[in-house]
Amino acid sequence: MQNILTVKSLTKKFEDFTAVKGISFDVKTGSIFAFLGPNGAGKSTTIKMLTTVLKPTSGEIWINGFNALKEQDNARASFGIVFQDHSLDEELTAYENMVYHSVIYKVPRKERENRIRQALEIVGLWDRRKDFVKKYSGGMKRRLEIARALVHYPKILFLDEPTVGLDPQTRKSIWTHIKNLNEERGMTIFLTTHYMDEAEEVADEIAIIDHGKIIESGTLEKIKTNNETESLEEAFLKLTGRDIRDENGSAGSKTRFMRGKGRRGRI
Ligand SMILES: Nc1ncnc2c1ncn2[C@@H]1O[C@H](COP(=O)(O)OP(=O)(O)OP(=O)(O)O)[C@@H](O)[C@H]1O
């Protein structure tokens with residue numbers, strides 16, 4: 001199987017602090033890859049580098065055969081992104097949001113309508129296309145963001161915490177849409193999540209990052225065997241000494257209090 005994404009010795013320094021320390025990994029074409037780590041481990045910094053938002057200090061990123069640092073336009077055309085924070089225009093309808101994004105991504109005018117329809121149908125929002133986004137529920141907004149990320153036919157979709165802040169039923173529905181995209185359309189999915197059960201259920205391969213280094217990677221079975229645990233959550237705890245979940249207990253929002261200060265061991 002070919003790799004749609006290859007990362008070699010990727011490093012990011014913020015002045016004298018190294019947030020990502022020479023990580024390397026491959027993502028197979030057509031797979032679902034989960035990138036996990038405690039708060040402050042380096043996930044967002046890595047995703048920002050992979051999606052060309054942040055320039056690495058050193059290392060290589062290859063996306064769909066393109067060097068993401070030297071062939072940025074081709075690399076960008078190869079992926080879609082759904083970030084944690086909503087970036088929809090609430091004063092526009094869903095359809096208008098889609099058009100706006102299609103223009104930015106230079107989708108040919110003649111193909112625009114057809115592609116928008118396809119993308120909205122995938123997430124079950126075609127019938128609601130004329131509604132203003134401000135009337136949408138949290139789950140519908142997330143589905144719209146996923147549809148928007150599909151309109152330029154990306155080969156790989158980056159999802160940063162796609163279900164954060166959503167109730168369990170809505171989370172389930174989002175995963176159904178994501179799994180359909182992967183299984184029926186062969187789209188590669190790269191995701192981060194704080195919900196271990198979700199990663200366990202959907203991911204073909206998993207990488208765990210802590211303190212800027214990948215400390216474990218492979219299939220769920222391999223990770224459980226390596227760590228002699230029954231679940232991913234137990235393996236994660238054993239490896240990082242930390243719980244990935246919100247420790248304030250408020251579903252969805254993430255604690256920041258452990259961020260980056262070497263608090264390994266405190267649970
Ligand atoms: N612009 C920046 N300047 C300085 N330090 C930064 C910057 N961005 C991130 N960091 C630091 O780099 C480390 C990794 O941060 P990052 O946001 O990548 O972690 P994360 O794994 O995504 O965490 P979370 O799950 O909390 O979002 C943290 O210690 C963070 O404080």
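## Exercises on a predicted model

Apart from neighbours within four places in sequence, Ala-147 is in contact (C-beta atoms, placed from the backbone, within 7 Å) with Met-98, Ala-119, Leu-120, Ile-122, Val-123 and Leu-125. The model is predicted: local features need pLDDT of at least 70, side-chain atom pairs count only at pLDDT 80 or more, and totals for chains, interfaces and linings use all residues. Residue numbers start from 1 along each chain as its sequence is written.

**Exercise 1.** State into which domains the chain is divided, and how they touch.

*Solution.* Step 1: the division gives domain 1 (1-78 + 156-164 + 188-257) and domain 2 (82-153), with bounds from an automatic or database domain assignment. Step 2: their C-alpha centres lie 26 Å apart. Step 3: 7 residues of domain 1 are in contact with 6 residues of domain 2. Step 4: on the domain 1 side, S7 gives the most, with 3 residues. Strands such as S7 are DSSP runs (E, at least two residues), and helices are runs of H or I of at least four residues, numbered from the N terminus.

**Exercise 2.** Give the strand order of the open sheet and find its edges.

*Solution.* Step 1: the 6 strands run in the order S6-S7-S8-S3-S9-S10, with mixed pairing; two strands pair if DSSP finds at least two bridges between them. Step 2: strand S6 (79-82) and strand S10 (213-218) are the edges, since each pairs on one side only. Step 3: S6 and strand S7 (residues 156-160) pair in the parallel sense over 4 bridges. Step 4: in S7, Ile-156 is the bridge partner of Phe-79, and Leu-159 that of Val-82.

**Exercise 3.** Determine which way the residues of S6 point.

*Solution.* Step 1: in a regular strand the side chains alternate between the two faces of the sheet. Step 2: Phe-79 and Ile-81 point one way from S6, and Gly-80 and Val-82 the other way. Step 3: all are buried, that is, 20 or more other C-beta atoms lie within 10 Å of their own (exposed: 12 or fewer; partly exposed: in between), with C-beta atoms placed from the backbone.

**Exercise 4.** Explain where the largest nonpolar core lies.

*Solution.* Step 1: a nonpolar core is a set of buried Ala, Val, Leu, Ile, Met, Phe, Trp, Tyr and Cys residues joined through C-beta atoms within 7 Å. Step 2: among its 62 residues, Ala-34, Ala-147, Phe-158, Ile-189, Phe-190 and Ile-206 touch the most other members. Step 3: S3 supplies the largest share, 5 residues. Step 4: because domain 1 and domain 2 both give residues to this core, it lies between them.

Methods:
Two residues are in contact if their C-beta atoms, placed from the backbone, lie within 7 Å.
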